[in-house]
Amino acid sequence: MPIKLPGKKINLRTLKKSDADSIFKYIKDSRVAKYLNTPNPYKLKDAYEYIRKTERELRKKELYNFGIASKDNNEIIGMISLMDVDWENKKAEIGYWLAKKYQGRKIMPEAISLILNFGFKKLKLHRIYAKVMHFNKRSANLLEKFGFKYEGRLRKTHHRKGKWLDELRYSMLKNEFKIYINKK
C-alpha cells in the first residue's frame with residue numbers, strides 16, 4: 001500500500017526495492033551513520049533488508065517509514081519515520097536522517113512538518129516523541145525550533161566505539177502541534 005505525502009521541495013513516500021542504491025549510498029557516509037543505529041559497515045544487502053522490513057511493519061501498522069524523495073529526480077536523500085506505533089496509547093517515536101550534501105537546505109523541517117501532520121491528523125496520534133544522542137546538537141535544536149519539549153536526559157544508554165552515550169528525550173502533543181502550526 002504505497003503512501004505519498006507531497007511537499008514543496010520534497011515528497012515523503014514509501015520505499016521501493018529500487019531505492020536500495022540511494023539508501024546505501026547516503027547511509028554509509030560516516031557523518032550520517034554516526035547518529036544512527038545501523039550495521040557498520042553498512043552493505044547494499046542491509047538496504048534491501050531494511051526495505052523489506054519497512055514493508056512488513058507498514059502492513060502491521062507498527063512503522064510508517066518514508067523515504068525523503070527529491071522533487072528533482074525522485075531519489076531518496078534521507079528517511080523519516082514514525083516508529084514503535086502504540087495504538088492503545090496513541091503515540092509513536094519520530095526518527096530521521098538526511099544525506100550530508102542535502103543538509104542546511106530546509107529539507108528536514110519540511111519533512112518533519114509533513115510527518116507530524118500525517119501522525120497527528122491522519123493517524124490520530126496524541127504524542128510523538130524523539131530520542132537524540134547527546135552530541136547531535138543540530139537535531140536537538142531542530143526539534144526545539146519545531147516546538148518539541150525537552151523531557152530529560154537518559155544517561156549512558158548506548159555503547160558505541162568504546163564510549164557510553166547519553167540520550168536526550170523530546171516530545172510533542174497533538175494540541176501543541178496545532179498551536180505551532182497556527183504560529184507559522
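**Exercise 1. Describe the hairpin formed by β7 and β8, including its turn.**

Solution. β7 and β8 form a hairpin with 2 residues between them. In the turn, lysine 161 has a positive phi of about 50°. Strands here are DSSP runs of E with at least two residues, helices are runs of H or I with at least four, and both are numbered from the N terminus. Next, take the pairing: β7 (residues 149-160) and β8 (residues 163-173) run antiparallel and are joined by 8 bridges. Two strands count as paired if DSSP finds at least two bridges between them. One bridge partner is leucine 168 in β8, which faces arginine 153 in that role.

The model is predicted: local features need pLDDT of at least 70, side-chain atom pairs count only at pLDDT 80 or more, and totals for chains, interfaces and linings use all residues. Residues are numbered from 1 along each chain as its sequence is written, and side-chain values use heavy atoms, with hydrogens and water left out.

**Exercise 2. Place the hairpin strands in the sheet and find the edge strands.**

Solution. The open sheet has 8 strands in the order β1-β2-β3-β4-β5-β6-β8-β7, with mixed pairing. Its edge strands are β1 (4-6) and β7, each of which pairs on one side only. At the β1 end, β1 pairs with β2 (residues 10-13) in the antiparallel sense over 3 bridges. Within this pair, leucine 5 has leucine 12 in β2 as its bridge partner.

**Exercise 3. Work out which residues of α3 are buried and whether they line one face or are spread around the helix.**

Solution. Helix α3 (residues 44-59) has 16 residues. Its buried residues (under 20% relative accessible area; exposed is over 50%, partly exposed in between; 1.4 Å probe, protein chains only) are Asp46, Ala47, Ile51, Thr54, Glu57 and Leu58. Seen down the axis of α3, they fall within an arc of 140° (taken from the directions from the helix axis to the C-beta atoms), so they line one face of the helix. The face turned away from the buried side carries the exposed residues Lys45 and Arg59. The buried residues pack against α1 (20-27) and β3 (64-70), where contact means heavy atoms within 4.5 Å.

**Exercise 4. Classify the ring pair of tyrosine 64 and tryptophan 87.**

Solution. Rings of Phe, Tyr and Trp (its six-membered ring) pair if their centres lie within 6.5 Å; planes under 30 degrees apart are stacked, over 60 edge-to-face, the rest tilted. By this rule the count is 6 aromatic pairs. For tyrosine 64 and tryptophan 87, the ring centres are 6.5 Å apart and the planes stand at 80°, so the pair is edge-to-face. Tyrosine 64 is buried, at 4% relative accessible area, whereas tryptophan 87 is partly exposed, at 37%.

Key. The expected span of a helix is 1.5 Å times one less than its number of residues.
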